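Please look through the sequence and the structure shown below before reading on. The report after them moves from one hairpin to its neighbouring strands, and then to the core, a helix and a disulfide.

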Amino acid sequence: MRTSVLPLPVAAVALTLAFAGCTGQTTPAPPASSASGAPAPSPTATEPAPSPTTAAPAVETPPECETLDLSAGTVAGADLGPCIQATLVRYDTGTLTIDGDELAGTVVYHYDPAFEFRGDLETGAGPASISFVGGVMLLDEGDGPVVADVGASDAGSQAAGSTAEVYRVFSDPGFMGDLIGAGESWSVSDAPEEVETPDGGSVDAYRLESAAAYSWYDIPIDSYTLWLTADGRPVAAESTTGFLGRTATVTQHLTGLGEPVTITPLS
């Protein structure tokens, strides 16, 4: 098995932001370290039911969104973050498609009855697959799935646990609200614009941009743009971070919100 545990690189920062854009419900702690995987992930068994992304099932507007007014031209991060978090949890399921220089792939997740996810990713160091199902984290870096547990007695599981921890932590929906909330003010486009989706469709969404660069747990956020429908549904985001003298830009799309998904552990 090939597992590497490295100081937080640009790819890990990008991964942090990508997964923060996806998702829980706890107050996050600053990341300490990350790692990258290696060869060939196993074929994914996590397939959402195909459907267009031009529309999503209607859900009741969360109370956290009742004061959000996109027509005002600017919104406060303190209002925007909780609304996005609550909306994602209301939809329950979704697929995150990530595209960046050092990170790409998909993550499928659901929150009910418990938070579970599966991801197939291409990092700067090679492919990696990860699943969190039934409270068990599995990581495949090319030699087959390994139980990822930093508290295990087995050194291989400990190493895999260190690598997988950043994936688990940053697949929690509270992080998106926390990340967006860290930006004090966000400008809103005058009208919705057409945003292309990974399945070839499109959706109309307002463009929201952080009014200034900011820092999130000592990670410099040079710029962050979010596309949000009129009813508060996030559909895409693009973030640029500067870290360790390097810059990383990651684009992510959220599709399939509220659609049935089947999430199985790596095998």
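In the hairpin formed by β11 and β12, five residues lie between the two strands, and G200 takes a positive phi near 90° there. The model is a predicted one, and this hairpin belongs to a chain with four helices and 16 strands. Of the 267 residues in the chain, 52% count as buried, while the chain exposes about 11,100 Å², of which carbon and sulfur atoms supply 51%.

**Strands paired with β12**

The strand β12 takes part in several pairings, which the table sets side by side.

| Pair of strands | Bridges | Direction |
|---|---|---|
| β10 (residues 185–188) and β12 (residues 202–210) | three bridges | antiparallel |
| β11 (residues 193–196) and β12 | four bridges | antiparallel |
| β12 and β14 (residues 219–228) | four bridges | antiparallel |

Individual residues can be followed across these pairings: W186 stands opposite S210 in β12, and E193 stands opposite A205 in β12. On the side of β14, T225 is the bridge partner of E209.

**The nonpolar cores**

Which residues touch the most other members of the largest nonpolar core? In this core of 44 residues, they are L80, L208, Y224 and L226. When residues up to four places away in sequence are not counted, L208 touches L70, V75, L80, W186, S187, V188, Y224, T225, L226 and L228. Apart from the largest core lies another one, made of six residues, among them V203, A205, W227 and V235.

**Helix α2**

The residue L80 also appears in helix α2, where G77, L80, G81, C83, I84, A86, T87, L88 and Y91 are buried. An α-helix has 3.6 residues a turn, so residues three or four places apart point the same way. The length of helix α2 can be checked with a simple calculation: at 1.5 Å a residue, its 15 residues (residues 77–91) should span 21 Å, and because the C-alpha atoms at its ends are 21 Å apart, the model agrees with that expectation. Just after α2, D92 takes a positive phi of about 80°.

**The disulfide**

How many disulfides does the count come to? The count comes to one disulfide, and this disulfide joins C65 to C83, with a distance of 2.0 Å from S to S. Since C65 lies in the loop between β2 (33–34) and β3 (74–76), whereas C83 lies in helix α2, the pair ties together parts that are 18 residues apart in sequence. The torsion about the S-S bond of C65 and C83 is about 100°, so the disulfide is right-handed. Both cysteines, C65 and C83, are buried.

**G258 and the end of the helix**

In the segment after β16 (246–255) lies G258. Is G258 buried or partly exposed? Its relative accessibility is 31%, and because a residue counts as buried under 20% and as exposed over 50%, G258 counts as partly exposed. Although G258 and L88 are 170 residues apart in sequence, their C-alpha atoms are 8.9 Å apart in space. Leaving aside neighbours within four places in sequence, G258 is in contact with P57, Y91 and T93, and of these Y91 is one of the buried residues of α2.

Terms used. Residues numbered from 1 in each chain as written. Predicted model: local features only at pLDDT ≥ 70, side-chain atom pairs only at ≥ 80, totals over all residues. Heavy atoms only, no water. Expected span 1.5 Å × (residues − 1). Buried < 20%, exposed > 50% of the residue type's maximum accessible area, 1.4 Å probe, protein only. Disulfide = S-S within 2.5 Å. Core = buried A, V, L, I, M, F, W, Y, C linked by side-chain atoms within 4.5 Å. Contact = heavy atoms within 4.5 Å. Areas by Shrake-Rupley, 256 points an atom, 1.4 Å probe, with all protein chains shown as cover. Pairing = 2+ DSSP bridges.
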